[in-house]
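Please find below a colleague's note on the model under discussion. The points are numbered for ease of reply.

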Amino acid sequence: AQSVGFAEFQDAGRRRIRFTTRIGKIAGLGEKRLRTALEVNLHISHGCLAMDDEFIVLTETLPGDTVASVDFAGTVDFLARQADTYEKLIFGTDAH
C-alpha cells in the first residue's frame, strides 16, 4: 500500500499543507528513466514529481485554510493511486 505523509508550513504568512509519497530511489535510475520522470511530470494535472533526499516523490501542496476533510482524503487517495501508476511506469515495479 502506498504511504502518503503530510506536513504543515507557512508560506508568506499563509498556512499550507504539503502531501508527499515516495515513488522510488533515485540511485541507479539512469538517464533514460530520469528523463521519463521529467516527461511524466509535464502531464500531471495535480501535484508534481520531485526529488526528496534519495527518493523521487509525488507531492501536492494545498492552502491549509481551505482544506476540508473531503479535500484531505481525496488528495491522499489521488496521490496514492497516481504514485502507484508512476512507480510502475518509471521503475517497472510497485514496491511502495
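1. Helix H2 spans residues 69-91 and holds both Asp77 and Arg81. These two residues are 4 positions apart, about one turn of the helix. It should be stated at the outset that the model is a predicted one.

2. Asp77 and Arg81 are joined through their side chains by a salt bridge, with an N to O distance of 3.0 Å. Asp77 has a relative accessibility of 42% and is therefore classed as partly exposed. Arg81, at 46%, likewise counts as partly exposed.

3. A salt bridge within a helix is also found in helix H1, residues 30-42, where Arg35 and Glu39 lie 4 residues apart, about one turn of the helix. The side chains of Arg35 and Glu39 meet with an N to O distance of 3.5 Å. Arg35 counts as exposed because its relative accessibility of 53% is over the 50% cut-off. Glu39 has a relative accessible area of 44%, so this residue is partly exposed.

4. How many salt bridges does a search of the whole structure find? The search returns 5. The pairs Asp77 with Arg81 and Arg35 with Glu39 have been described above, and a further pair is taken up next.

5. Lys25 and Glu54 form a salt bridge in which the closest N and O atoms are 3.4 Å apart. This pair links distant parts of the chain, the two residues being 29 residues apart. Lys25 belongs to strand E2 (residues 14-25), whereas Glu54 sits in the loop between strand E3 (48-52) and strand E4 (55-63). Lys25 shows a relative accessible area of 45% and is therefore partly exposed. For Glu54 the value is 42%, which means that Glu54 is partly exposed as well.

6. Is Gln2 buried or exposed? Gln2 is found in the segment that precedes strand E1 (5-11). With a relative accessibility of 13%, Gln2 counts as buried because the value is under 20%.

7. The side chain of Gln2 takes part in a polar contact of 2.7 Å with the side chain of Thr21. In addition, a polar atom of the Gln2 side chain lies 2.6 Å from the backbone oxygen of Arg22. The buried residue Gln2 thus has a side-chain partner in Thr21 and a backbone partner in Arg22.

How values were computed: Residues are numbered from 1 along each chain as its sequence is written. This is a predicted model: local features need pLDDT of at least 70, side-chain atom pairs count only at pLDDT 80 or more; totals for chains, interfaces and linings use all residues. Side-chain values use heavy atoms; hydrogens and water are left out. Buried means under 20% relative accessible area, exposed over 50%, partly exposed in between (1.4 Å probe, protein chains only). A polar contact is a pair of N or O atoms within 3.5 Å; within protein, one must be able to donate a hydrogen and the other to accept it, and residues adjacent in sequence count only if both atoms are side-chain atoms. A salt bridge is a side-chain nitrogen of Lys or Arg within 4 Å of a carboxyl oxygen of Asp or Glu.
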